[in-house]
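Subject: Structure handover

Hello,

Please find the structure below, followed by notes on what was found in it.

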Number of protein chains: 2
Amino acid sequence: MPLKPPVILASVPLFNGLGSHHLDLLTNLAIQKSYKKGEFVFSEGDPGDGFYIVVEGQVKVFKTSSEGKEQILHIFGPGEPIGEVAVFAGIPFPANAAVLAKSVLLFFPRDAFIRLIAKDPSLAMKLLAVLSTRLKQFTVQVENLSLKEVPGRIASHLLFLAEEQGNRHRVTLTISKGQLASLLGTIPETLSRIQSKMAAQGLITVSGREIALLDLEGLERLSETGKL
Amino acid sequence: MPLKPPVILASVPLFNGLGSHHLDLLTNLAIQKSYKKGEFVFSEGDPGDGFYIVVEGQVKVFKTSSEGKEQILHIFGPGEPIGEVAVFAGIPFPANAAVLAKSVLLFFPRDAFIRLIAKDPSLAMKLLAVLSTRLKQFTVQVENLSLKEVPGRIASHLLFLAEEQGNRHRVTLTISKGQLASLLGTIPETLSRIQSKMAAQGLITVSGREIALLDLEGLERLSETGKL
DNA sequence: CATTCTCCTTGACCTAAGTCAAGGAACGCG
DNA sequence: CGCGTTCCTTGACTTAGGTCAAGGAGAATG
């Protein structure tokens with residue numbers, strides 16, 4: 001059931017600084033949709049007739065192999081746009097999107113949104129920045145997958161979370177270990193084993209989704225020269 | 001030695017369809033630079049004070065691990081823009097760029113170029129399309145690295161080249177085998193071995209940089225369900 | 001509170017692909 | 001045209017990490 005969105009657009013970074021006139025136009029464009037845990041937002045190959053912004057909840061974008069293994073490309077939280085690639089490249093969605101928890105998204109239909117950008121270069125500049133940042137993130141993901149072994153990827157990710165959460169010594173996972181494995185290009189078993197080994201070496205302690213970073217030096221070293 | 005560029009901008013896809021006024025402005029912005037084989041265009045971490053367009057030659061963009069292994073992110077040919085990510089995200093270059101053969105590039109300084117876009121939404125739309133397409137390519141690269149084994153990656157790449165070169169049954173590598181290995185996230189030894197195996201099974205025949213695709217069916221299958 | 005999920009962990013095993021080392025082929029240079 | 005350098009190929013070996021299988025812990029449900 002599509003609903004009219006609440007007036008939260010102003011708090012979305014992408015629309016930040018937009019005039020209230022444009023915000024009104026956007027508000028009229030947007031269609032609000034709700035999803036329950038596990039539900040797909042779109043599938044790889046679906047026509048890219050618009051993009052989404054997360055209002056609340058969490059969405060994973062991922063690829064699946066023929067044997068059913070899954071690789072998460074990115075996890076999106078509130079305020080982040082999903083699927084703009086399909087809109088601007090004029091192609092079908094290149095990956096799947098599914099929600100990890102009950103979520104609310106806003107949908108912006110392609111054509112109307114494109115018309116809006118054409119009129120407002122500042123919106124275009126914002127989008128360029130968003131896409132560029134995502135590109136940079138892919139750069140890191142490829143580096144991690146190809147040049148680092150699993151322990152290094154885990155260490156990197158923990159340090160990244162510490163940075164993001166603004167706490168040098170303790171991080172909270174926002175996704176399950178299984179999903180984390182899929183994000184890091186490995187499987188739960190391997191993640192589990194390495195996590196144990198890291199704990200045994202005094203690098204971290206794990207308790208549920210709470211992880212204490214005991215040895216930042218060591219983690220830093222591990223994240224670069226992958227040897228555990 | 002920077003030189004004024006020749007009037008080839010109109011033939012660059014990114015600037016295609018731009019008015020001659022804007023083309024003149026761009027021409028005045030651009031600085032032509034020449035590189036000899038192996039030379040770096042920029043290094044990871046360098047300030048992103050502008051971006052480049054390939055006029056002739058070939059440029060690889062790549063990451064390097066602490067142990068010296070290299071992963072190529074993309075190979076750019078004539079007409080393609082390099083390094084826009086740094087410009088629009090306002091960050092240093094997130095990877096290295098080096099030329100694979102004697103090359104000529106045009107450099108566009110950041111600030112002037114940004115001013116130009118702000119005035120011309122159609123240029124912004126073109127850039128959005130370019131970045132989106134690159135994003136989609138990364139999507140494929142991550143999928144290949146994480147969800148496919150090396151034989152599958154090779155098969156995919158050969159089929160991709162066949163598509164690109166418009167010849168179903170014969171492709172020509174434009175880079176050395178060693179560089180190809182680095183692009184596919186493996187090493188020359190492994191590439192070599194698998195190529196031999198594929199030849200033994202009648203999928204392909206290899207002679208230098210010329211590869212004949214004998215069994216498209218088989219390659220297609222291999223590219224999906226990676227079993228050789 | 002017991003039951004059933006779902007998720008996580010550990011063990012034994014196996015295999016894809018990386019390392020090290022040695023020849024060969026091809027290419028550019030003097 | 002011969003020489004050296006760079007690139008490619010093949011072989012023997014090692015290993016990171018995936019697979020399969022079996023518990024165990026925690027959360028959710030009736």
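A polar contact here is a pair of N or O atoms within 3.5 Å; within protein, one must be able to donate a hydrogen and the other to accept it, and residues adjacent in sequence count only if both atoms are side-chain atoms. This is a predicted model, in which local features need pLDDT of at least 70 and side-chain atom pairs count only at pLDDT 80 or more, while totals for chains, interfaces and linings use all residues. Residues are numbered from 1 along each chain as its sequence is written, chains are lettered from A and ligands numbered from 1 in the order in which they are written, and side-chain values use heavy atoms, with hydrogens and water left out.

Confidence

The model scores ipTM 0.94 and pTM 0.94. For chain A the mean pLDDT (the predictor's confidence in each residue, from 0 to 100) is 92, and 97% of the residues reach 70 or more. Elements are DSSP runs numbered from the N terminus: helices are H or I with at least four residues, strands are E with at least two. Among those of chain A, helix H1 (residues 20-29) has the lowest mean pLDDT, 86, and strand E6 (residues 81-82) the highest, 98.

DNA strand D

Thr190(A) has a polar side-chain atom 3.0 Å from a phosphate oxygen of DNA strand D. Another phosphate contact comes from Gly178(B), with a backbone N or O atom at 3.0 Å. On the base side, an N or O atom in the side chain of Glu189(A) is 3.4 Å from a base nitrogen of this strand. There are 17 residues around DNA strand D (near means a heavy atom within 4 Å), and those that come nearest are Thr186(A), Arg193(A), Lys177(B), Gln195(B) and Ser196(B). H7(B) gives the most to this surface, 5 residues. By class the surface has 3 nonpolar, 7 polar and 7 charged residues, where Ala, Val, Leu, Ile, Met, Phe, Trp, Tyr, Cys and Pro count as nonpolar, Asp, Glu, Lys and Arg as charged, and the others, Gly among them, as polar.

DNA strand C

Around DNA strand C there are 18 residues, of which Lys177(A), Gln195(A), Ser196(A), Thr186(B) and Arg193(B) come nearest. Of the strand's atoms within 4 Å of the protein, 63% are sugar and phosphate. Phosphate oxygens lie 2.6 Å from a polar backbone atom of Lys177(A) and 2.7 Å from a side-chain N or O atom of Gln195(A). Glu189(B) places a polar side-chain atom 3.4 Å from a base nitrogen. The largest share of this surface, 5 residues, comes from H7(A).

Pockets

Pockets were found on a 1 Å grid over the protein atoms alone: a pocket is an open set of points where a 1.4 Å probe fits, with protein on both sides within 12 Å along at least five of seven lines, and lining residues have an atom within 4 Å of a point. Grid points are joined across faces, edges and corners, and a volume is the space filled by probe spheres set on the points.

The largest pocket holds about 1,300 Å³. It is lined by 41 residues, with Gln137(B), Val140(B), Asn144(B), His157(B) and Phe160(B) closest to its centre. H4(B) supplies the largest share, 10 residues.

The second largest pocket has a volume of about 1,000 Å³. Its lining has 33 residues, and His74(A), His157(A), Phe160(A), Glu164(A) and Leu183(A) are closest to the centre. Here the largest share, 9 residues, is from H4(A).

Regards
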